[in-house]
Amino acid sequence: FKQWFPDNMALGHLHVRFDEMWESYIHFALYKVFHRSFGLSINSSFQLISLISGSLFIYFALALSSELNAEKPYEFVLMIFCGGFMQLFFGDMEQYSIVGMLTFLYLFTSYFYLKEKISLLVPSFVLILAMTFHLEVVFLIPSLIFLFIVQLNKREYLPIIVSILLFTGFMSWTILYFLSKGASLQRLIGTSWGLGRGGSILANIVKFDKNYFWGQINLLGLIYPPIWFLIPLVVTGGIRN
């Protein structure tokens, strides 16, 4: 990014990547504003955005924790804050801070939907918004299907239809927006990890072996150490207590 951002800004090019459309674009657009107005470096620009995302993440975590357990709201929050992923929200220079916050917002709004406090449209929109920030959030689509099933059980079908239209429409609008701003569709597809970087999607899948397996276990422990306490609670049923 230290090379791409200044070069694209000098040439007047649009910086947007298919796998992280809004995330890459907003980081680039805000860097231009911060650099021209305050002389901030790329590092400082990324850090500022991660801190803003982190503030919102903490707010949503506290709000959800209060809803889940009003008597002991901070236990849930402390479990979240023990995760190594929290570095994203304290100045880490990566393109995951905004989408990380939006992913938690999706869980937040889904909970309130299940409590019948908001419409299905809200978590549906938040999920597609998160996906247009980074397509890695696609793994949460099964959870949205679950919300659709809940809605089906209510025999109220219009929110599902509108949610599907909203979901597909916003993704289509986002792609068309960036194409209209000068982005190259061929380059977007050719540089996408999710679409195989111009080759085979299967080539991006790591071959599974025991070293890879234990590497992932180790990574899980680094990203979220409390998982080792959570597993026995789930197995024994103690989490219900």
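**A walk from W173 to T109**

Let's start at W173, which has a relative accessible area of 43% and is therefore partly exposed. That label covers the range between buried (under 20% relative accessible area) and exposed (over 50%), computed with a 1.4 Å probe on protein chains only. Keep in mind that you are looking at a predicted model, in which local features need pLDDT of at least 70 and side-chain atom pairs count only at pLDDT 80 or more, while totals for chains, interfaces and linings use all residues. Residues are numbered from 1 along each chain as its sequence is written, and side-chain values use heavy atoms, with hydrogens and water left out.

Now to the rings. The structure contains 17 aromatic pairs, and W22 with W173 is one of them: this pair is stacked, at 6.2 Å centre to centre with 25° between the planes. Because W22 sits in helix α2 (residues 21-38) and W173 in helix α8 (residues 158-180), the pair ties together parts 151 residues apart in sequence. Helices here are DSSP runs of H or I with at least four residues, strands are runs of E with at least two, and both are numbered from the N terminus. W22 counts as buried because its relative accessibility is 11%.

Another pair joins Y177 and F178, with ring centres 5.3 Å apart and planes at 70°, so this one is edge-to-face. For pairing, ring centres of Phe, Tyr and Trp (its six-membered ring) must lie within 6.5 Å; planes under 30 degrees apart are stacked, over 60 edge-to-face, and the rest tilted. Y177 is partly exposed at 23% relative accessible area, whereas F178 is buried at 0%. Ring pairs connect W22, Y25, F125, F170, W173, Y177 and F178 into a cluster.

One member of that cluster, Y25, leads us on to E20, since Y25 is among the residues in contact with E20. E20 is found in the loop between α1 (4-11) and α2, and its relative accessibility of 11% makes it buried. Apart from neighbours within four places in sequence, E20 also contacts Q95, T132, F133 and H134, where contact means heavy atoms within 4.5 Å.

Our last stop is T109, in helix α5 (residues 97-114). With 7% relative accessibility, T109 counts as buried. A polar atom of the T109 side chain lies 3.0 Å from the backbone oxygen of Y106. Beyond its neighbours within four places in sequence, T109 touches I118, V122, P123 and V126 by way of contacts.

Conventions:
A polar contact is a pair of N or O atoms within 3.5 Å; within protein, one must be able to donate a hydrogen and the other to accept it, and residues adjacent in sequence count only if both atoms are side-chain atoms.
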